Amino acid sequence: MRHWLLTSFVTLFVSFCNPMTANQCVQQGPRSALRPHHFPLSNHLITMPPKGKAATKPKATETPATTTSNPTTTNTTRQTASQPSEPTTVLERSQQRYEKTRPFEAARQQKGLSKLFKEDQKGWICDQLLHLTNRLPAASRSSLLGPKASKEIWWTVNGTNSIVRGLKHKPEPYTTWGTDRNGHDVGSYTIERFDERFRKRIALTALQVSSRVFRENVEREKRGFVDARSGREIIVTEREIDEEKVRRSKMAVLKKDLYGAITGRLAESVEWEDVVPIPHEEPEGALAAITYPAEYAEAMSYLRAVMTTKEYSPRCLRLTEHIIAMNPAHYTVWLYRAANIFALGISIPDEIEWLNEVALANLKNYQIWHHRHLLVEHYYPTISSDPEALAQFAKQERDFLIAILSEDTKNYHVWSYRSWLVGKLGMWEDEEELKSIEKMIDEDVRNNSAWSHRFVLVFSNPKYATPGKAATEKDEKVPQELVDREVKYAQSKAFLAPQNQSPWNYMRGVLVKGGQPLASVQGFGEEFVNKLGEGEEEEEVKSTHALDLLAEIYAEKKDNEKADLCLRRLAEKWDKIRGGYWEWRRKCLTQSETEKAPGEQVEEAEEGSAAV
Amino acid sequence: MQPNPSKLPTHPPHHKTLKFSNMTQSFISLPQELQLATSAHVKYIQSLDSRKDEYDYWLTEHLRLNGLYWGLTALHLLGHPEALPRAETIDFVLSCQHENGGFGAAPGHDAHMLSTVSAVQILAMVDAFDDLETRGRGKAQVGKYIASLQNRQTGTFAGDEWGEEDTRFLYGAFNALSLLGLLHLVDVDKAVDHIAACANFDGGYGVSPGAESHSGQIFTCVAALTIAGRKDLIDVDRLGRWLSERQIAGGGLNGRPEKKEDVCYSWWVLSSLEMIGKTHWIDKEKLTNFILSSQDTDKGGISDRPGDMVDVWHTCFGIAGLSLLDYPGLEPVDEVYCMPKSTIKRVLGR
């Protein structure tokens, strides 16, 4: 291709020359005695006759004896006559430089080759020839143009002051220097800004070189290399690590500044150098694909890596903490954290202290409480034989539970944990525990969780309760005083908020436990009801639960009329929303001979709306 | 209706009690014709997976497969099972499966009981057990995974190798295994004993023995006992009574005494009542109105109570609740499995 181009230019050039010269041009003339290497611009095809010296066998009719006469300089169509304005951007600067090396190109593009003055045309052709042949190997160079042609070309080039070595490619926006982190063409930068960018790139490269040295040393240290000169084993010192950390943060800043590349915290850190993260693989076009925030995705990819290798170490512990801070509901990370805690022998009380903070920040989280459960299971054997340590731990736990319950008084996870803890640490006799529950009920008598916990605390005490007895079963071992005490307690609280169901349920549960008949609390129930059935204005019902209880008691005593009255008034007025239930109770009364015992399956549901 | 307040020497009124009476006022002023915004709900569910960039989306990644189950159930009950692409659904579910047979919540997530159960339920609904055999690890492997999570000493089930125990996992195991026809892989009797131990003095059931009675846990226990054919162990009257008391003045149901009403309890409480045959012990009309008031009729979806943000969990259970309440135009729902009755008929033949 080049060869073809060259010969066509030569032909073109030839047509400008003197016919005699032309003739000689196309011949393979004898080579010049002067070799290319004798001259500074020696790697050119065309040997430039030395200025002012005797010409070597000039065959051309027009001898370039001196260079002073320059017929073309006076030519006013010369493009390079007009001085270009100062370049403001690097693109402009490079473009100007490019145009300088191709002085006739602009004119040619503007007017077309045929419209240029002859001298300019010749000048353009010579430029083209120069640039084309610039990088040809020596052998092809010498064979293409004879010495006559070379001289002619050089004479022209000399006369027009062309630049021999030109810029090869035309500078283009975007492609020549690329884009910066905002997508802007770097070519559009001012000279100063470009220089600054260049300096930053150099700085980054220098840092990368030093960083590479560091990494190699780390690798060498791992393999136990010995330094050739000192004969000592290579060790990476603390100072070097600190320097590297500084270096890395500088590199991250520069990378971000230059290319907008965000280096992940973990990828940047020296600590995680040796771990290859496993990125999340999501199938193409998944039905419910997820775009994770970059930091979370990075942390998870490192977690996958260390979980695969089953590494248990302080850095893994820190990693789990990092992930938990971002997504505390991720069950796998908790699992792995627990494994790390146990493998590293971390102090359980310390871990619990950390966990407390997380719990306070994530009140609805399940995983935290299971984690705590695991920790306690693990810790318990170490203190089980030490009553003082046990008591101390129980107190610490209770203090925290009280604190977190003050934020969310009915948190189900916390209460389930608390009930379990009573059994685990044997806290039934702990007065403080009972006091704490009473305080919570004092503060809010409607806290059903506290009532439920009280039942567990009182009735699963191995001191008097039969182990393994169901909560719903009567337990002969439970002392009567206890039953009385609990019934009284429930009743006292019922007065505070008669419509609150908790103490009523509690009282019933206690009576069942103690094997005491419902009728024993008839008097209590009747305190909440007055003048039932004696007219809308007269009737006083302070608690629907009282009415419910009384109905049951009257039915047990076979006083169906009274029982029915209670139930009817409940359905008609006092608890209309549960009308369906009350009506069913009424039906049961009339079927009282064949009434089924509790616990057996009941027949198909009665149809009918609840609205009365 | 509450007893006349002026005659009661009450404990200082709980602020929540005051809110209830305000709510009652607002219900009286509601228009009679409160409709179920079916097409809005369908669109809402379909749009869920296109919100990938929302902050909450990745935070709930550990629920992704469960979310798909909730969405799909709602669509089936609304009568639009085709609204989610079947092939992609199956592909996604199977992509969550691990070698041990269990399913994670999303591709790349570790296997867990809850997501495994959701996976089985989804595959049952779209009738893709064959795909599970040919392209997945097969039913037997899934059954093996679930069975491996049972503690053979106590009968309880863990969620995963981490060991968290919860009656939800027990119910999930029974649910999935019975659908796969593999209930015999586990010790049903021991599990039933454990449930019995979770029965409380008030008639309800808790997450573990001694834990407070909670509507959600009650559902899991009662449903598990139903699958095991051991409803005889339930004190139906006491439990029914406790459940009926969940309905508060506004018509909605709560999870525990003195707590706020929440649409999802429309399912947990109502289905439990259905299983023991006592749904007439609550006011169905009021409950229906409560659920309908919790809809976003414009953008679709149902929230936990009127005025709050919607989510797919409450959408699923709100619609399931309405189905149990015989709301017109909905497919009948199975109270034990929380799936269309037609699916259960197809899979279990009943």
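A nonpolar core is a set of buried Ala, Val, Leu, Ile, Met, Phe, Trp, Tyr and Cys residues joined through side-chain atoms within 4.5 Å. In this predicted model, the largest such core has 105 residues. The residues with the most contacts inside this core are B:Leu65, B:Phe157, B:Phe174, B:Tyr205 and B:Trp267. Another core, of 102 residues, lies apart from it. Its members include A:Ala338, A:Leu355, A:Leu518 and A:Ile553.

B:Leu65 also takes part in a helix pair, on the α4(B) side. Two packed helices are described by the angle between their axes and the distance between the axes. Helix α4 of chain B spans residues 64-78, and helix α6 of chain B spans residues 113-125. Their axes lie 8 Å apart, at an angle of about 30°. α4(B) is therefore roughly parallel to α6(B), as angles under 35 degrees count as such. The crossing is left-handed.

From α4(B), the contact draws on B:Leu65, B:Asn66, B:Leu68, B:Tyr69, B:Leu72, B:Thr73 and B:His76. These meet B:Leu114, B:Ser115, B:Ser118, B:Ala119, B:Gln121, B:Ile122 and B:Met125 of α6(B). By class, eight residues of this contact are nonpolar and six are polar. None is charged.

In chain A, A:Gln522 is found in helix α22, residues 522-526. Its relative accessibility is 13%, so A:Gln522 counts as buried; the cut-off is under 20%. Leaving aside residues up to four places away in sequence, A:Gln522 touches A:Leu550, A:Ile553, A:Tyr554 and A:Lys557. Of these, A:Ile553 is among the residues of the 102-residue core.

Terms used: Residues are numbered from 1 along each chain as its sequence is written. Chains are lettered from A and ligands numbered from 1 in the order in which they are written. This is a predicted model: local features need pLDDT of at least 70, side-chain atom pairs count only at pLDDT 80 or more; totals for chains, interfaces and linings use all residues. Side-chain values use heavy atoms; hydrogens and water are left out. Buried means under 20% relative accessible area, exposed over 50%, partly exposed in between (1.4 Å probe, protein chains only). Axes are lines fitted to C-alpha atoms, for helices over the stretch in contact, and angles run from 0 to 180 degrees between N-to-C directions. Helices (H or I, at least four residues) and strands (E, at least two) are DSSP runs, numbered from the N terminus. Angles under 35 degrees count as roughly parallel, over 145 as roughly antiparallel, 65 to 115 as roughly perpendicular and the rest as oblique. A crossing is left-handed if the near helix is turned anticlockwise from the far one by less than a right angle, and right-handed if clockwise. Contact means heavy atoms within 4.5 Å. Ala, Val, Leu, Ile, Met, Phe, Trp, Tyr, Cys and Pro count as nonpolar, Asp, Glu, Lys and Arg as charged, and the others, Gly among them, as polar.
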